[in-house]
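Visitor: I should be grateful for a close look at a single part of this structure. Please take one residue of the interior as the starting point and build the picture outward from there.

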Amino acid sequence: MKLEERIIRDVIQGSEKWQALRIGKIGGSRIADLLTEGRSGGESLTRRKYKNELIRERLTSKKLDTWKSPAMIRGIELEPLARSWYEVKHNVFVDQVAIVKHPTIENAQCSPDGIVFANKPYLIELKAPDPSNHLDNYLTGGKQLEQYYDQCMWQLACMPEMEFCDLVSFDPDLTGLEGFVKRIYRDDEYIKTMEDKVILFLQEIETTVNNLKEIQNGNNP
């Protein structure tokens, strides 16, 4: 399936319709939870909690409401301004889309902050961290942005047509230093590892959902 056929456009990110399209499906913002390993290679509490959330969503057909920290709210509020800064700074148009489906893995997708359809199309991911962390990105070459590596790499997994993702740290009050950009190039070997873990995760969810539905239907003692 071609990229344009996998893109869902006519939905606003954050809307009820967008949330409905994410029920029980893997997304980029939580991919790190899926990849977290427990002690001695066992399942981590973080992974199990995420898995249980998706199982519940499939059983109820409802998206769980998640708590938003002040930092998350700041990021949502500043995202349009950060996108505009990037467009002006790099003289490009950033196309906003709702969801991009993975080309081969069912129930796996991502919601990038933007796609630039240049000669070589690429992604952008926008962050508006605490101002001190934004400054630290300038001083350390993006150290604070490393926590979003898996999110960017998963978006590249969903879009094999893309070579890289520009990960942006943005603070509108730091005149002349508003935006710091760290370019994340795709790593196909790492992506393959991620995809294998996602497939296993989804299989576990499917098995558990089917077993619980049997119980719901009264077919098990």
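**A residue and its surroundings**

Guide: In this predicted model, I26 is in contact with I31, L34, Y50, L54, N107, A108, Q109, W154, V198, F201 and L202, when its neighbours within four places in sequence are left aside. I26 belongs to the largest nonpolar core, which has 36 residues; together with W154 and V198, I26 touches the most other members. Several elements each supply at least two residues of this core: α3 (31-35), α4 (45-60), α7 (149-158), β6, β7 and α8 (188-216). The most is given by α8, with 7 residues. Apart from this core lies another, of 11 residues, including Y122, F164, V168 and F170. As a general rule, in soluble globular proteins nonpolar side chains tend to be buried together.

The strands β6 and β7 lead to the sheet. This sheet is open and has 4 strands in the order β4-β5-β6-β7, with mixed pairing. Because β4 (114-116) and β7 (179-185) stand at the edges, each with a single partner strand, one side of each has no neighbour in the sheet. From one strand to the next, the twist averages 25 degrees. The pairing of β4 with β5 (residues 122-127) is antiparallel and runs over 3 bridges; within it, G114 has I124 of β5 as its bridge partner. Helix α5 (residues 70-90) packs on the sheet and touches β4, β5, β6 (164-170) and β7. The direction of α5 makes about 115 degrees with that of β6.

Technical notes. Residues numbered from 1 in each chain as written. Predicted model: local features only at pLDDT ≥ 70, side-chain atom pairs only at ≥ 80, totals over all residues. Heavy atoms only, no water. Pairing = 2+ DSSP bridges. Axes fitted to C-alpha atoms, helices over the stretch in contact; angles between N-to-C directions. Contact = heavy atoms within 4.5 Å. Core = buried A, V, L, I, M, F, W, Y, C linked by side-chain atoms within 4.5 Å. Buried < 20%, exposed > 50% of the residue type's maximum accessible area, 1.4 Å probe, protein only.
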